[in-house]
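Dear colleague,

Here is the structure I promised to hand over to you. Please open it beside this message and look up each residue as you read.

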Amino acid sequence: LKADLIGQISQSGDLAGLESVRVHALGKQGVVTALLKSLGKMTPEERQEKGPVIHSLRQAVAQGIADRKQALETALLNEKLASETIDLSLPSPKMPKGSLHPVSQVMDELAEIFADLGFAVASGPEIEDEWHNFSALNIPESHPARAMHDTFYFEPQEGASDKGDKGRMLLRTHTSPVQIRTMQGQEPPIRIIAPGRTYRSDSDATHTPMFHQVEGLVIDKGVHLGHLKWTLETFVRAYFERDDIVLRLRPSYFPFTEPSMEVDVGYTLEKGRRIIGGKQPDGWMEILGSGMVHPNVITACGLDPNVWQGFAFGCGIDRLAMLKYGMDDLRAFFDGDLRWLRHFGFAA
Ligand code: PHE
């Protein structure tokens, strides 16, 4: 019987088969169970003789089943492991990739170009006070230029003085207040650009209420207009990636620069499209405002204008991007339309 049962155990090929062998041998009606039960009806002498034999049979069968069960389970697990391996060398499904906003990409480009010219990047708050945005920039309360800016003002805070300058807060109308904060915060010589968001109550194809500017400021000894012109030329040629760009400097007026000038880039017409560049321009496009920093501004920042001079410029970043990539509606920048972004190569 023992040899027969051990044979059945080792021949059972799966757990279900082994279980039926177990029931056949050790189950309630099992053959080994029956033998164990028969011990009770034996005489003590018989029991003494057969008892150990039957017990060792039960022991051997139980052990055999346990061993076989373990072996079958191990085999099953190995099989499962072999069939469920992950092939890490398979190509993964394509994930859509995000990209930086075109304006951010242009800002990064500007920072790189000016870094090569020794300019650091500075920043200031978008919620400004009147003093930094206007007064310190030589635009006093009564100055008509304040009205020109279509400023978004905040309601005066309770308890704050609404008389005089520092009382009223506003959304900065240009990046020029960063000039003031930089001159107050660090010793000259200063060479910074300050890209960032600016706000004016204005909206059409070429104006959005929120837009972007980059400010430039140089303060040093013996700075003159030639430095400004060279810096702007170098910047514009690097940005538009053409060496044949001609600049036109037009006399203009800003309260915080004297003299002031607006700067145009020459464009040539190619199949009716305006392309920036060309030694003999067909026309001009305005790209920025600039000038020598007004002595009143230098004084307002606690510096001596007889020692320190400088130049500044301010430039619309959205406009720069439009010119470089041939876009005609500024508002598309803020629609987040993937088709538009892909068209101009800003997204994959
Ligand atoms: N802040 C001016 C503007 O917003 C631009 C400017 C900056 C002009 C610096 C001169 C110097 O129009």
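In this predicted model, the side chains of E233 and K229 meet in a salt bridge, with 3.4 Å between N and O. The two residues are four apart in helix α9 (residues 225-240), so about one helical turn separates E233 from K229. In general, an α-helix has 3.6 residues a turn, so residues three or four places apart point the same way. The two partners do not have the same surroundings in terms of solvent: E233 is buried, with a relative accessible area of 18%, which falls under the 20% cut-off, whereas K229 counts as partly exposed at 36% relative accessibility. Elsewhere in the chain, R248, R250, E262 and D264 are joined into one network by salt bridges that share partners.

To stay with α9 for a moment, this helix has 16 residues and reaches 23 Å from its first C-alpha to its last, which is close to the 22 Å expected at 1.5 Å a residue. Its buried residues are L228, T231, L232, E233, F235, V236, Y239 and F240, so you will find the salt-bridge partner E233 in that list. After α9 comes E241, a residue whose phi is positive, near 55°.

A second salt bridge that is worth finding on your screen joins E128 and R181, whose closest N and O atoms are 2.6 Å apart. Because E128 lies in strand β2 (residues 127-129) and R181 in helix α8 (residues 177-185), this pair ties together parts that are 53 residues apart in sequence. E128 counts as buried, at 1% relative accessibility, while R181, at 29%, counts as partly exposed.

A third salt bridge is formed by the side chains of R22 and E19, at 2.9 Å from N to O. R22 and E19 are three residues apart in helix α2 (residues 15-26), so they too are separated by about one helical turn. Here both residues count as partly exposed, R22 at 32% relative accessibility and E19 at 38%. By the rule used here, the count of salt bridges comes to 13.

How many of the 11 residues of strand β9 (residues 283-293) are buried? The answer is nine, so that this strand is mostly covered. Strand β9 pairs in the antiparallel sense with strand β7 (residues 257-270), over nine bridges, and in this pairing D264 stands opposite E286 of β9. The residue D264 is one that you have already met, as a member of the salt-bridge network. β9 also pairs with strand β10 (residues 309-316), again in the antiparallel sense, over five bridges, and there G291 stands opposite A312 of β10.

Finally, please keep the confidence of the prediction in mind as you read. The mean pLDDT of the protein chain is 89, and 96% of its residues reach 70 or more. Among the elements of the chain, strand β1 (residues 120-121) has the highest mean pLDDT, at 97, and helix α7 (residues 144-148) the lowest, at 72. As a general caution, where pLDDT is low, the predicted coordinates should not be read in detail. For the complex, the predictor gives an ipTM of 0.98 and a pTM of 0.71.

With best wishes

Technical notes: Residues numbered from 1 in each chain as written. Predicted model: local features only at pLDDT ≥ 70, side-chain atom pairs only at ≥ 80, totals over all residues. Heavy atoms only, no water. Salt bridge = Lys/Arg side-chain N within 4 Å of Asp/Glu carboxyl O. Buried < 20%, exposed > 50% of the residue type's maximum accessible area, 1.4 Å probe, protein only. pLDDT = per-residue confidence, 0-100. Expected span 1.5 Å × (residues − 1). Pairing = 2+ DSSP bridges.
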